[in-house]
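Have the sequence and the 3D view open side by side, and let's take a walk through this protein together. No background is needed beyond knowing what helices and strands are.

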Amino acid sequence: MILDLPYNFHWIERREAARSAQAYAGFLVPFLRAHQIRAVINLRGTNPAHPWWKYETRVCCNLGVVHRDAKLNSRQLPSRLMLVALLDAFDSVPRPFLVKCSGGQDRTAFAAALFLLHRRGWRALAQAEQQFARWPYLHWPRRQQRWLKLFPGFAAETAAGVPLRGWLENSYSADDFSRWLKDRGHGETFKGLYGISAA
């Protein structure tokens, strides 16, 4: 479809989950219809004061497409609650669903990687890490967004075989991830922990 390129659209798993950028160009109705999208997971959080959010939720409502807000910050390490909520969104919305952020490059790559690890297990680690490729996904992270690509490796190492959801619900902490990054010389790859100001 002609809108796939400007919307940075790609299937994560065909006919089940897809990824894209914000529909700044408009034409969200034909875009969703063309790919038979039944749900949208918005990684920018609930933003009722912003025109893009009003447009997106209105279009989804009119089409009967489920709309779920999930909050991620590309520069701050996510809390346990944020990540579990994202898995809950994956599990609860109808297929195929679309996960999107602003550019479809950073937060969306992270969510796509988590979906694959959640769906297929740790054997999908290489596929999950491929979601951060510069081509075709245009992932060119800024310095304090580089933690995103490192998370799947941290998760696989730390979980030691425990499924992603179980590890997130019972063991993950942003503090542990912060220490892991710093111990490996990646302390400059993030700004801070979500909801906590950086020192």
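What follows goes from the sheet to the loops and then on to the helices. One thing to keep in mind is that this is a predicted model.

Let's begin with the sheet. Five strands make up an open sheet, and their order across it is β1-β2-β6-β3-β4. The pairing in this sheet is mixed. Which strands sit at the edges? Those are β1 and β4 (66-69), each of which pairs on one side only. On average, neighbouring strands here are turned by 25 degrees against each other, if you ignore direction.

Now step across the sheet from the β1 edge. Strand β1 (residues 10-13) runs antiparallel to β2, and three bridges join the two. If you'd like a landmark, find His 10, whose bridge partner in β2 is Arg 19. β1 and β2 form a hairpin, with three residues between them. In that turn you'll meet Arg 15, which has a positive phi of about 65 degrees.

Strand β2 (residues 17-20) is worth a pause. Are its faces covered or open? Both faces are covered. Ala 17 and Arg 19 point to one side, Ala 18 and Ser 20 to the other, and all of them are buried. On its way to the next strand, β2 changes style: it runs parallel to strand β6 (residues 97-100), and four bridges join them. Here Ala 17 stands opposite Phe 97 in β6.

Towards the other edge, strand β3 (residues 39-42) and β4 run parallel and are joined by four bridges. A handy pair to look for is Ile 41 with its bridge partner in β4, Arg 68. A helix belongs in this picture too: α3 lies across β3, β4 and β6, and runs at about 170 degrees to β4.

Next, the loops and their backbone quirks. Between α3 (80-92) and β6 there is a loop that holds Pro 96. The peptide bond joining Arg 95 and Pro 96 is cis, with an omega of about -10 degrees. There's another cis bond from Trp 135 to Pro 136, with omega near 10 degrees. Pro 136 belongs to the loop between α5 (125-130) and α6.

Two more residues have a positive phi of about 50 degrees without being glycine: Asn 8 and Ala 160. Where do they sit? Asn 8 is in the segment before β1, while Ala 160 is in the loop between α6 and α7 (164-170). Their surroundings can be told apart by accessibility. Buried means under 20% relative accessible area, so Asn 8, at 5%, is buried. Exposed means over 50%, so Ala 160, at 68%, is exposed.

Ser 102 falls in between: at 25% relative accessibility, this serine counts as partly exposed. You'll find Ser 102 in the loop between β6 and α4. What does Ser 102 touch, leaving aside its neighbours within four places in sequence? The contacts are Ala 21, Gln 22, Tyr 24, Arg 44 and Arg 107. Ser 102 and Tyr 7 are 95 residues apart along the chain, yet their C-alpha atoms are separated by 9.6 Å.

From that loop we move into helix α4 (residues 107-120), which packs with helix α6 (residues 147-159). The angle is about 15 degrees, and the axes are 9 Å apart. Angles under 35 degrees count as roughly parallel, so α4 and α6 are roughly parallel to each other. Their crossing is right-handed. On the α4 side you'll see Arg 107, Phe 110, Ala 113, Leu 114 and Leu 117, which meet Trp 147, Leu 148, Phe 151 and Pro 152 in α6. Sort the residues of this contact and you get eight nonpolar, no polar and one charged.

α6 has another packing partner, helix α8 (residues 174-183). This time the angle is about 105 degrees, with the axes 11 Å apart. Since 65 to 115 degrees counts as roughly perpendicular, that is how α6 lies to α8. Here Trp 147, Leu 150, Phe 151, Gly 153, Phe 154 and Glu 157 in α6 meet Asp 176, Phe 177, Trp 180 and Leu 181 in α8. This contact divides into seven nonpolar, one polar and two charged residues.

Technical notes:
Residues are numbered from 1 along each chain as its sequence is written. This is a predicted model: local features need pLDDT of at least 70, side-chain atom pairs count only at pLDDT 80 or more; totals for chains, interfaces and linings use all residues. Side-chain values use heavy atoms; hydrogens and water are left out. Axes are lines fitted to C-alpha atoms, for helices over the stretch in contact, and angles run from 0 to 180 degrees between N-to-C directions. Angles under 35 degrees count as roughly parallel, over 145 as roughly antiparallel, 65 to 115 as roughly perpendicular and the rest as oblique. A crossing is left-handed if the near helix is turned anticlockwise from the far one by less than a right angle, and right-handed if clockwise. Contact means heavy atoms within 4.5 Å. Ala, Val, Leu, Ile, Met, Phe, Trp, Tyr, Cys and Pro count as nonpolar, Asp, Glu, Lys and Arg as charged, and the others, Gly among them, as polar. Buried means under 20% relative accessible area, exposed over 50%, partly exposed in between (1.4 Å probe, protein chains only). Two strands pair if DSSP finds at least two bridges between them.
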